[in-house]
Amino acid sequence: MSRPTKANIVIDMEDVDKDDEMDEMGIDATEAKTSRKKRSVVWKEFEIITNNGDMKARCNHCKHNLAYKKGGATTHLKRHLKLCTPRKATLVGKDKGPKQSLLSFDVTEGGEMLSIFKYDKGKIREELIKMFVVHEYPFRMVEHEFFTKFCRSLNPKYEPIKRQTLKLDCMKMYIYEKESLKLALVGINKISLTSDLWTSNQSIGYMCLTGHFLDSEWKLQKRILNFCPLEPPHTGLAIADSISECLIDWGIEDKNSTITLDNASSNDLAVRVLKENFEAKEKLHFGGKIFHVRCCAHILNLMFNEIVKSLKLSTYKRLILDVPTRWNSTYAMLECALENKSVFSRYKERDYNYNWLPSDEDWKRAAEVSKFLEVINDVTKVFSGRKYPTPNLFLRQIWKVRKMLNDTSTDNRDFVKRMTLKMKEKFDKYWGECNLVMAIGAVLDPRYKMKLILYSFPKIYPADDFQRHIDDVHESLEFLYKEYLSVDSQINSSMSSATYDSNPSQAKKQKTDDFDEWFITNSDIIPGNKSEIGMYFDEGVYKPGNEEYEDFDALNWWKANSLKFRHLSKMARDILSIPITTVASESAFSAGGRVLDQYRSSLNPETVQALICTGDWLRQDFRVELASNFMQEG
């Protein structure tokens, strides 16, 4: 998303306390009052240092040490200044014409630009703030002695600041960047939301709300809108109220098209309340058919948990910890254990207190389950393998899971049957009804169109029910398409009205009746003029090359064909930007854990929100990938 044009952020440099300045200059207040002020002009270009116990006068230009005696003469210092070559180079240009300029590379949105270097105190402060916010450095680092030494080695004019000043500057940048993002969102037509809850080490509940949208270049964008505290109890009504307040604060309450949440019961109530509010204001997009999107990743996680329960896996002694919030951790745990099978028996021989040695039967079951989970692990890679997975990618993966469940349901082993039965119950509970976003997303993938629906639905749904789901996809597709036609016709009609109002004589000549209005709305679907949906299906599927197939971007295809499919491309643009998982919001909790570590647990919620949100916005704007752990580098 292109950032609005702006001048450098002007930061009030007077925020630094005078006492801080005295501390940084090494001036003791008592000493300043009692010491006699040096009157000679040479002391502007010399400093007094101690070298091996002897006091010396060091030249600020060439760093040469000369003799110094308190109250002594300064003639030799003046003589040195006349002969000092670096000083002469500095003076050239002040009195004797132009001097050579120092060049620097300024980083802009278009790349690096060569410019004349000029020390800018405000610019240095701005870049310092960005560094701390983007890389999540602790505020106390700005006061570290060697951080100051490092900055002064880059530029001796660097002026240190205190951590309190840095914190205030971060809050100012948060306010500025928020206003800039608000301005950018004015031009966005529809915004999809994802949200999740998290409890910090302060036992404070936070709600993260992330907005997803397409920019003018058809590139998927996401921005954390709020990372705010949520007072307990975390009921559905409290969640709905908090989301509504956020949307009003950002001025996007009329732009929200969908919301993706996990499957907690409180979220179902929150969605119902939000849906009723939007419906009352006549701002419910897509007729509310796809307003609530269930997180696919969370459903897979629930299915995996059934495996853990069925196998009665230990949760406290393993090579790789089985993390409940990571849906592929069970597979990683079993794979690692199988690779190191011989280590367990050897360790038992060395440690008599080790009582968790798996039996031969346990190893057989682990090997079978590992094969079973390999399919699901491949699916999770699709969810997490791309920065922004679009809805068209998910149906084919969900079909693979269903096929695997159908194949294993006929297995003769009891533990496999029990495990499969539990997983099928979860699958049917959440995907028993067609996920319209996933299905329509697959139809809008030119590689599949309706073919993937026709192939997979008979395998996903019962024989007496799959046709109903196929018909539902057809009807929803037509409904959404007509809605876009209606919106475009209203825009054209209002533009025509504006033209007629400005030219009354033209309005008299071009009167419209009921037929004209009907024709504008239905001209794209009357016989003899096939609709864009019909044209799209008649063209056949798009067949990219083998190398291009896996990296195929459906949004790029629709962008290239937006002139051919004027209305349908707008629909595809909005549908394919809907997130199917809440991974984007959950990833903010990793940042929350880093910001609120054991050393900074006293940060108030307002500061936490400012750091999380501003860091996300700047990283997105400057395309910075944040390392998850400093110790993992290298």
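Strands here are DSSP runs of E with at least two residues, helices are runs of H or I with at least four, and both are numbered from the N terminus; two strands pair if DSSP finds at least two bridges between them. The model is predicted, so that local features need pLDDT of at least 70 and side-chain atom pairs count only at pLDDT 80 or more, while totals for chains, interfaces and linings use all residues. Residues are numbered from 1 along each chain as its sequence is written, and side-chain values use heavy atoms, with hydrogens and water left out.

The sheet to follow is open and has five strands in the order β8-β7-β6-β9-β10, with mixed pairing. Its edge strands, β8 (220-229) and β10 (292-294), each pair on one side only.

Strand β7 (residues 205-214) runs antiparallel to β8 and is joined to it by nine bridges, with F213 opposite Q221 and L209 opposite N226. In the hairpin of β7 and β8, where five residues lie between the strands, W218 takes a positive phi near 65°. On the other side, eight bridges join β7 to the antiparallel β6 (residues 191-199), and D196 has C208 as its bridge partner in β7. The hairpin of β6 and β7 also has five residues between the strands, and there S203 takes a positive phi near 65°.

In a regular strand the side chains alternate between the two faces of the sheet. From β7, G205, M207, L209, G211 and F213 point one way and Y206, C208, T210, H212 and L214 the other, and all are buried, that is, under 20% relative accessible area with a 1.4 Å probe and protein chains only.

Methods
Buried < 20%, exposed > 50% of the residue type's maximum accessible area, 1.4 Å probe, protein only.
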